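Here are my notes on the model, set out as numbered points. They start with one chain, move to the contact between the chains and end with the aromatic residues.

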Amino acid sequence: MSPPRLTGALRSFSTVSKKEDFTEQLNDLKTKRLKRRELFAREGLTWQKIVHFCSEHQDKAKQQAASQELKSLLLAAKQIVGTEHGQEAIESAAIFLFETFHNKDHVGTEETRAIKQMFGPFPSSAAEASCSCVAQLVASLGESRVEDFIQTQSSRHNPQRGSTFGRNIAFSYDCYTLDPLEDLPCSGIHEEKVSLDF
Amino acid sequence: MACAQVPLDEQQVTEPGPLGKEQTLPALHPARKEERCFVPYKSPPEDGSPAEVEEFLERAKFITEDLEWLLALPHDKFWCQVVFDESLQRCLDSYLHLAPRGLDLSALPSSPAVADMQRSVHRTVFLTFLRMATHKESKDNFITPAVFGEIIYDNFLFDIPKILDLCVLFGKGNSQLLHKMIENIFTQQPSYYSDLDETVPTVLQVFDTILDKCGLYCEGATAMEPMKLSAHKQPTAMTMSQQELVDLILYLCDSTTTIHAFLDIFPAACSGFHSNGFLSRLTSFYETAVPDLEKALRKRNFDDKGLQEDLWKRLSHSCRKMVETAHLLLHHTCLQPILEGGENMLAFAEELLSHFTSFLTEKRFLTDYDEQFPIADDVSLLQQALPVIDETRTSYLLQGVESAWDSVGRQKPQ
């Protein structure tokens with residue numbers, strides 16, 4: 001709970017601001033994760049493109065192995081996204097895992113957090129499995145080729161926007177701190193003069 | 001993309017509609033807003049169980065990511081989002097409400113990761129407000145000033161409590177930028193001056209509430225209404241619960257810091273405060289409340305001596321801010337116009353002297369004020385600017401100041 005503030009009183013008792021209801025919205029993070037998944041699915045890279053990319057530059061034997069890894073990746077994605085979701089959501093999750101692990105050799109804190117922020121709680125074995133699948137795929141294709149592929153296909157890595165507002169503004173993190181006139185006298189208690197003039 | 005050299009509020013854009021068919025719309029139109037679903041901010045967990053820390057980090061990451069996306073949007077898209085996305089407004093409002101102030105009891109985040117994330121949110125929120133306060137980003141990207149004034153006012157993008165929050169959260173190191181932002185907001189939408197005028201009585205009510213909670217006679221609040229028969233049963237600073245006393249001091253500390261930050265960053269607001277009799281209410285509040293609260297902090301039995309020390313510092317800090325606020329008000333409404341010269345110098349001098357004279361009865365306030373801002377210095381300035389000032393009057397005033405020091409039993413610093 002936030003401490004009592006002047007601006008809180010002004011919001012409650014004056015008529016100059018909009019009355020906002022700040023009661024806690026349940027599941028707002030869950031809703032947000034769904035929205036992020038929806039936005040991610042629109043970002044350019046598709047599962048078909050990944051499948052095509054993983055098979056086009058390889059001989060037959062390697063193609064079979066790659067196909068097996070891609071299947072395993074989809075399975076791991078299914079475990080992460082949840083079984084109640086359709087094929088589209090599973091493929092989108094697999095794309096996310098492919099992007100997340102394409103330059104990683106293990107599931108670190110950052111990757112765990114990124115997956116959780118997209119899908120919520122997930123079985124760690126599925127993350128391990130997907131990391132291992134992606135590592136196998138990348139090993140046979142070459143890291144730089146995969147990197148180039150992701151850079152060109154994903155709009156997230158290739159933003160079409162102008163410069164960010166405020167990028168060059170020098171922002172200060174300084175904040176107001178206590179600036180007392182005097183410290184509490186050492187004893188903490190001043191003897192008050194007691195009047196004996198009854 | 002909207003066309004150049006025409007203000008955003010007059011631009012039209014032709015884009016594919018939801019069914020793929022091209023449609024022409026005003027550049028500022030709700031249909032152009034993107035469904036982003038901004039999440040509201042929550043303050044960092046105090047003791048930080050791992051789950052709470054994780055939730056904070058996730059939420060803060062979403063906010064930073066979304067605000068960075070917003071700041072990278074082209075001018076027209078940015079404004080569509082700002083005006084029509086209620087989730088964005090809730091996110092920004094929740095930050096102003098709940099972001100920890102530097103003066104909060106537990107202002108320090110529990111872990112470096114939390115501190116880093118908090119800093120990221122802090123910066124992106126400020127930049128978002130800065131962009132919202134800018135009606136002209138470049139020669140191609142601008143909004144007609146009057147329309148900008150209407151947009152920010154009618155949609156409550158800024159209001160007086162928000163402006164005060166911005167000052168206390170960001171003012172310490174970004175005062176120049178904040179000054180420009182607030183000046184632009186008030187210039188393009190003068191209704192904010194009326195809102196400020198309406199707000200001052202509520203600010204004064206905060207002081208009355210504190211007096212009331214301390215069971216102290218409060219002229220401003222009670223003169224208009226009969227005193228309740230149960231009034232004598234009201235707790236005082238000595239008898240109220242320790243938590244109530246803590247809350248009261250925190251409230252006072254926050255209020256005085258916020259008011260001072262705002263007036264310091266935007267001195268044009270001083271006249272609004274001044275014309276509502278803020279100065280005399282502030283000084284009488286100081287005179288009544290400060291000794292009472294000091295006594296309670298000294299005399300009450302605190303198990304936690306650290307808390308007692310901390311509350312004392314907060315009360316002392318509040319005193320400094322009240323004294324500095326009084327000085328800001330006098331400086332900007334009386335002294336500055338005298339020093340600048342002008343037609344009404346004598347009237348301003350008269351007003352300044354009359355304020356100083358009124359301080360003579362508020363001895364505790366007077367000595368604290370005189371210690372920080374020696375009245376003799378201002379009187380000397382006044383005499384140089386206006387030699388016609390009545391010397392008898394100034395001598396009486398300065399003698400009054402001296403005797404105030406004697407009567408409170410303090411030694412005036414040399």
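1. In chain A, contacts between residues at least 6 apart in sequence were sorted by separation, and 70% of them join residues at least 24 apart. Please keep in mind that this is a predicted model. Chain A has 8 helices and 0 strands, so that its elements, from the N terminus on, read α-α-α-α-α-α-α-α. Of its 198 residues, 38% count as buried.

2. The contact between the chains draws on 57 residues from chain A and 86 residues from chain B. Together the two chains bury about 6900 Å², with 61% of that area on carbon and sulfur atoms. On the chain A side, the residues that lose the most area to chain B are A:Leu6, A:Phe165 and A:Tyr176, which together make up 13% of what that side buries.

3. The polar part of this interface can be counted as well. Between chain A and chain B there are 18 residue pairs in polar contact, both residues being at pLDDT 80 or more. Three helices of chain A, namely H1 (6-13), H2 (28-41) and H6 (109-119), each supply at least two residues of the side that touches chain B. H2(A) gives the largest share of that side, 8 residues.

4. Salt bridges across the interface of chain A and chain B number 8. One salt bridge joins the side chains of B:Glu54 and A:Arg113, at 3.2 Å from N to O.

5. B:Glu54 also appears among the contacts of A:Lys116. A:Lys116 lies in helix H6 of chain A. Its relative accessible area is 25%, and therefore it is partly exposed, as buried would require a value under 20%. Leaving aside neighbours within four places in sequence, A:Lys116 is in contact with A:Arg33, A:Pro121 and A:Phe122 in chain A, and with B:Glu54 and B:Glu58 in chain B. The C-alpha atoms of A:Lys116 and A:Ala129 are separated by 16 Å, with the two positions 13 residues apart along the chain.

6. A search of the whole structure gives 30 aromatic pairs over all chains. One of them is the pair of B:Phe126 and B:Phe170, which is tilted, with 5.0 Å centre to centre and 45° between the planes. Because B:Phe126 lies in helix H4 (residues 112-132) of chain B and B:Phe170 in helix H6 (residues 160-188) of chain B, the pair ties together parts that are 44 residues apart in sequence. B:Phe126 is buried, with a relative accessible area of 0%, and B:Phe170 likewise counts as buried at 0%.

7. How are the rings of B:Phe359 and B:Phe365 placed? Their centres are 5.0 Å apart and their planes stand at 80°, so the pair is edge-to-face. Both B:Phe359 and B:Phe365 are buried.

8. Chain B also has an aromatic cluster, formed by B:Tyr153, B:Phe186, B:Tyr192, B:Tyr193, B:Phe207, B:Phe262, B:Phe266, B:Phe273, B:Phe278 and B:Phe285.

9. Two arginines of chain B should be viewed together with aromatic rings. B:Arg36 has its charged end over the ring of B:Trp69, 4.4 Å from the ring's centre. B:Arg131 lies over the face of B:Phe78, at 4.2 Å from the ring centre.

Conventions:
Residues numbered from 1 in each chain as written. Chains lettered and ligands numbered in written order. Heavy atoms only, no water. Phe/Tyr/Trp six-rings, centres within 6.5 Å; stacked < 30°, edge-to-face > 60°. Helix = DSSP H or I, 4+ residues; strand = E, 2+ residues; numbered from the N terminus. Buried < 20%, exposed > 50% of the residue type's maximum accessible area, 1.4 Å probe, protein only. Lys NZ or Arg CZ within 6 Å of the ring centre and 35° of its normal. Contact = heavy atoms within 4.5 Å. Buried area = accessible area lost by both parts, 1.4 Å probe. Salt bridge = Lys/Arg side-chain N within 4 Å of Asp/Glu carboxyl O. Polar contact = N/O pair within 3.5 Å; in protein donor to acceptor, adjacent residues only side chain to side chain.
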